[in-house]
Amino acid sequence: MLTLYQFPISHYCEKVRWSLDHKSLNYQIKNLLPGLHTLTAKKLSQSSSLPILVHDGKAIQNSSDILTYLDTQFPQNPLTPEDETLKQEAADWEKFADEQIGIAVRVVCYHVLLDHPEIVIPFFAHNGPWYGPYLLKAISPKLLLVMRKGMNINAETAETANKQLGFALDKIHSRLQDQPFLVGEQFTRADIAVASLLAPLCKPVKYGLEWPKHFPESLEAVIRQHSEKLAWVDRLYAEYR
Ligand SMILES: N[C@@H](CCC(=O)N[C@@H](CS)C(=O)NCC(=O)O)C(=O)O
C-alpha cells in the first residue's frame, strides 16, 4: 500500500505524483492543510516538509529520496538512468531544479497569490478534509501573512527569484537546443523534476488543480516574460504526463 501525504498545490508533490503515475502505481493521496500539516508530517517523519510517501508503514520524505526509493522498490519504467555518468548528470539536474527552480517559482507565484485568498484557499483545500475551506477562510488573513514571512516573500525577494528563474531557464533552453531530454536520449527523473517544478507557471491540466484561466496580471506578466522557454514543459506534459 502506497500513500502520498501532500499539498495539491506543491510542485515538489507534483514531482512525486508524476513519478508514481509514470510507473503506473496505485496509490492513495492524503491532502493536508497548510499549518495543520505539521501534526501529521511530524508523526510520520522528522520534519514537516511534504511530500511524504508511506509504503507498507515506512515513511520516505524529500522528493528526490522518494524517486530513488520508487526505482528500488518498483523497477518498471525506471526514472533513473542505468549508466553511471548519466545517473550523475540526472542527479545534478535534479539538485539544480530543487535549489534554483523550486524555490524561485514558489516565491514568484506566492508573492502575487498570497494576496489573493480567493485563488489560494481553494488550492490549499482541494480534495482535503470537508472543513478545510471554512477553517482556511477563517484563518486566512493570519495564515497568508505567516506563510509570506516564513518563506521570506516580498517584492525584493520576488524580483531576485524572477532573475534566478531567468538564468535557470536559459541554462535549460541551451541544454535542449540539440536534444529533446535533459539527460541522455530518454525521458528521466531530471525531466520530471525540472518540468514539475516549473509547472505552476504553465498551469497544466494534469497537475490536478483547477487553475484559474488567468492569474492576476503581475503573475501573468512574469509567465509571458518566460513563455518561450517554458514551451518545453507544455510539451513534456502533453507527451509524458
Ligand atoms: N526538498 C524538498 C522540498 C519540499 C518542500 O519545500 N515542501 C514544502 C511545500 S512545496 C513544504 O512542505 N513546506 C511546509 C513545511 O516545510 O512545513 C523536497 O524535494 O521534497
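In this predicted model, the residues around the ligand are Phe-7, Ser-10, Tyr-12, Thr-38, Ser-48, Ser-49, Leu-50, Pro-51, Asn-62, Ser-63, Ser-64 and Asp-98. Sorted by class, that shell comes out as four nonpolar, seven polar and one charged residues.

Two of these ligand neighbours, Leu-50 and Pro-51, are worth a second look. The peptide bond joining Leu-50 and Pro-51 is cis, with omega at about 10°. Pro-51 itself sits in the loop between helix H2 (37-44) and strand S3.

Next comes the sheet. It is an open one, built from four strands in the order S2-S1-S3-S4, and the pairing is mixed. Strand S2 (28-31) and strand S4 (58-61) are the edge strands, each with a single partner, so one side of each has no neighbour in the sheet. Going from one strand to the next, the twist averages 20°.

How do S1 and S3 pair, and over how many bridges? Strand S1 (residues 2-6) runs antiparallel to strand S3 (residues 52-55), and four bridges link them. Leu-4 has Leu-53 as its bridge partner in S3, while Tyr-5 is matched with Ile-52 of S3. As a bit of background, side chains in a regular strand alternate between the two faces of the sheet.

On its other pairing, S3 meets S4, again in the antiparallel sense and over four bridges. Here His-55 stands opposite Lys-58 in S4. The hairpin made by S3 and S4 has two residues between the strands, and Asp-56 takes a positive phi near 45° there. Helix H3 (residues 63-73) packs on the sheet, where it touches S3 and S4, and its direction makes about 135° with that of S4.

Asp-56 is joined by another residue with a positive phi. Ser-24 has a phi of about 55°, even though it is not a glycine. Where is Ser-24 found? Ser-24 lies in the loop between helix H1 (11-22) and S2.

That leaves helix H4 (residues 84-113), which has 30 residues. From its first C-alpha to its last, H4 reaches 41 Å, close to the 44 Å expected at 1.5 Å a residue. H4 isn't straight, though: it bends by about 35° at Ala-97. Asp-98, one of the residues around the ligand, also falls within the 84-113 range of H4.

Technical notes
Residues are numbered from 1 along each chain as its sequence is written. This is a predicted model: local features need pLDDT of at least 70, side-chain atom pairs count only at pLDDT 80 or more; totals for chains, interfaces and linings use all residues. Two strands pair if DSSP finds at least two bridges between them. Axes are lines fitted to C-alpha atoms, for helices over the stretch in contact, and angles run from 0 to 180 degrees between N-to-C directions. Two residues are in contact if their C-beta atoms, placed from the backbone, lie within 7 Å. The expected span of a helix is 1.5 Å times one less than its number of residues. The bend at a residue is the angle between axes fitted to the seven residues ending there and the seven starting there. A residue is near a molecule or strand if its C-beta atom, placed from the backbone, lies within 6 Å of it. Ala, Val, Leu, Ile, Met, Phe, Trp, Tyr, Cys and Pro count as nonpolar, Asp, Glu, Lys and Arg as charged, and the others, Gly among them, as polar.
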